[in-house]
Amino acid sequence: MNKQTLIEAHNRIKPFIHQTPMLTSELLNKEAGCNLFFKCENFQKMGAFKMRGAANAILSLTDAERERGVVTHSSGNFAQAVSLAAKKLGVKAYIVMPENAPQVKKDGVKTYDGEIIECESTPQAREAAANKIKEEKGATFLHPSNQDEVIYGNSTAAIEFLEEQPDLDVILTPVGGGGLIAGTALATHYFSEKCNVIGAEPKAVDDAYRSLISGQIETNLSFNTIADGLRTNLGDRNFPIIQKHVEKIICVEEEEIINAMQLIWERMKIIVEPSSAVAFAAVLNNKEEFATKNIGIIISGGNVDVKNLPF
């Protein structure tokens, strides 16, 4: 893997994604005490950065593999991303979803012609259902965050970000399964000489924070956070990248996430999901560290249940 790998991934997926806008807000700059730049992946196709990794993973398959279809397990954004990317490429998508997944996300998958297979809401049940489809249909399994092609696809958001704003001092991303921050860290390593990458994570699910300290992949015992996209654990493909290229991970409390989310909605007039607000919350709660710097924040997605807002 080298810089060329990321350039090729970017060129491969360009016809299938939006180059999302970068927004700024004088009001939020004042609030945070630094220069903020927001890369708005909430405006990406299907509403999240996940489209990048899903498209690259499917485009990396052979013709024979595409004919047999793809399978993933996801309760949210990756389910929709795989369904849409597969539809655009004429590939059958089997989506294993826990029975308690939000109806709005099931509807999203159906909109893009993904075939939903429901299972119990446990990691074991999800894997068993996905493995069954792999065996029966010969479909290729796509992992939401712990697969090289997905990570390389995710890196393209930061590549675009750094092209548009080359003098960023730091890029922050939320951390869930680790696919976005690993891709961002690779892009920053190859496309910037001075930019650091920092992760942001809810205190309630601080597995990545603990993993960096212990040097091994830690898991969560509780999943009680409003940031529903960040309840997953790191994997063996992305963790070594994070260890090598991520400066640190900052944890934030639930009310800080809600406050940051509300500020973005009110001041920037854009819809972001709770997971997306975690990185901004980390800046607001560490103003001294980021004072006067150029801070990039990747707004990871905007798929939120508007009937169930926390403010």
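**Figure 1. Thr292 sits in the loop between α14 (287–290) and β10 (294–299).** This is a predicted model, in which local features need pLDDT of at least 70, side-chain atom pairs count only at pLDDT 80 or more, and totals for chains, interfaces and linings use all residues. Residues are numbered from 1 along each chain as its sequence is written, and side-chain values use heavy atoms, with hydrogens and water left out. Helices (H or I, at least four residues) and strands (E, at least two) are DSSP runs, numbered from the N terminus. Thr292 isn't a glycine, yet its phi is positive, at about 65°. Most residues other than glycine have a negative phi. With 65% relative accessibility, Thr292 counts as exposed. For these labels, buried means under 20% relative accessible area, exposed means over 50%, and partly exposed is in between (1.4 Å probe, protein chains only).

**Figure 2. Strand β10 is mostly covered.** How many of the residues of β10 are buried? The count is 6 of its 6 residues. In a regular strand the side chains alternate between the two faces of the sheet. Here, one side of β10 carries Asn294, Gly296 and Ile298, and the other carries Ile295, Ile297 and Ile299; all are buried, which leaves both faces covered.

**Figure 3. β10 has parallel partners in β2 and in β7.** Two strands count as paired if DSSP finds at least two bridges between them. Strands β2 and β10 run parallel and are joined by 6 bridges; at one spot, Asn35 stands opposite Asn294 in β10. Strand β7 (residues 170–174) also runs parallel to β10, with 3 bridges between them. There, Leu172 faces Ile297 as its opposite number in β10.

**Figure 4. An open sheet of 6 strands takes the order β1-β2-β10-β7-β8-β9.** The pairing in this sheet is mixed. Strands β1 (22–23) and β9 (248–252) stand at the edges with a single partner strand each, so one side of each has no neighbour in the sheet. Zoom in on β8 (residues 196–202) and β9, and you'll find 5 bridges joining these parallel strands. In one bridge, Ala200 has Ile250 of β9 as its partner.

**Figure 5. An open sheet of 4 strands follows the order β5-β4-β3-β6.** Its pairing is parallel. Which strands are at the edges? They are β5 (115–119) and β6 (140–141), each of which pairs on one side only. Strand β3 (residues 70–73) runs parallel to β6, and 2 bridges join them. Val70 has Thr140 in β6 as its bridge partner.

**Figure 6. Met46 lies in the loop between β2 (35–40) and α3 (50–59).** Like other entries in this set of views, this one is about backbone geometry and cover. Met46 has a positive phi of about 60°, although it is not a glycine. Is Met46 buried or exposed? Its relative accessibility is 7%, so Met46 counts as buried.

**Figure 7. Thr188 belongs to helix α9 (residues 179–191).** The relative accessible area of Thr188 is just 2%, so this residue is buried. Setting aside neighbours within four places in sequence, Thr188 is in contact with Leu162, Ile171, Cys195 and Val197. Contact here means heavy atoms within 4.5 Å.

**Figure 8. Leu89 is in the loop between α5 (77–88) and β4 (93–98).** What does Leu89 touch, leaving aside its neighbours within four places in sequence? Leu89 is in contact with Phe16, Ile58, Leu59 and Arg66. For a sense of scale, the C-alpha atoms of Leu89 and Glu253 are separated by 41 Å, and the two residues are 164 residues apart along the chain.

**Figure 9. Zooming back out, the protein has 14 helices and 10 strands.** Its radius of gyration is 18 Å, close to the 19 Å that the globule rule gives for 311 residues, so the protein is as compact as a globular protein of that length. That radius is taken over C-alpha atoms, and the rule is 2.2 Å times the number of residues to the power 0.38. Along the principal axes, the C-alpha atoms fill a box of roughly 55 × 40 × 40 Å. Buried residues make up 57% of the 311 residues. Of the contacts with a separation of 6 or more, 72% are between residues 24 or more positions apart.
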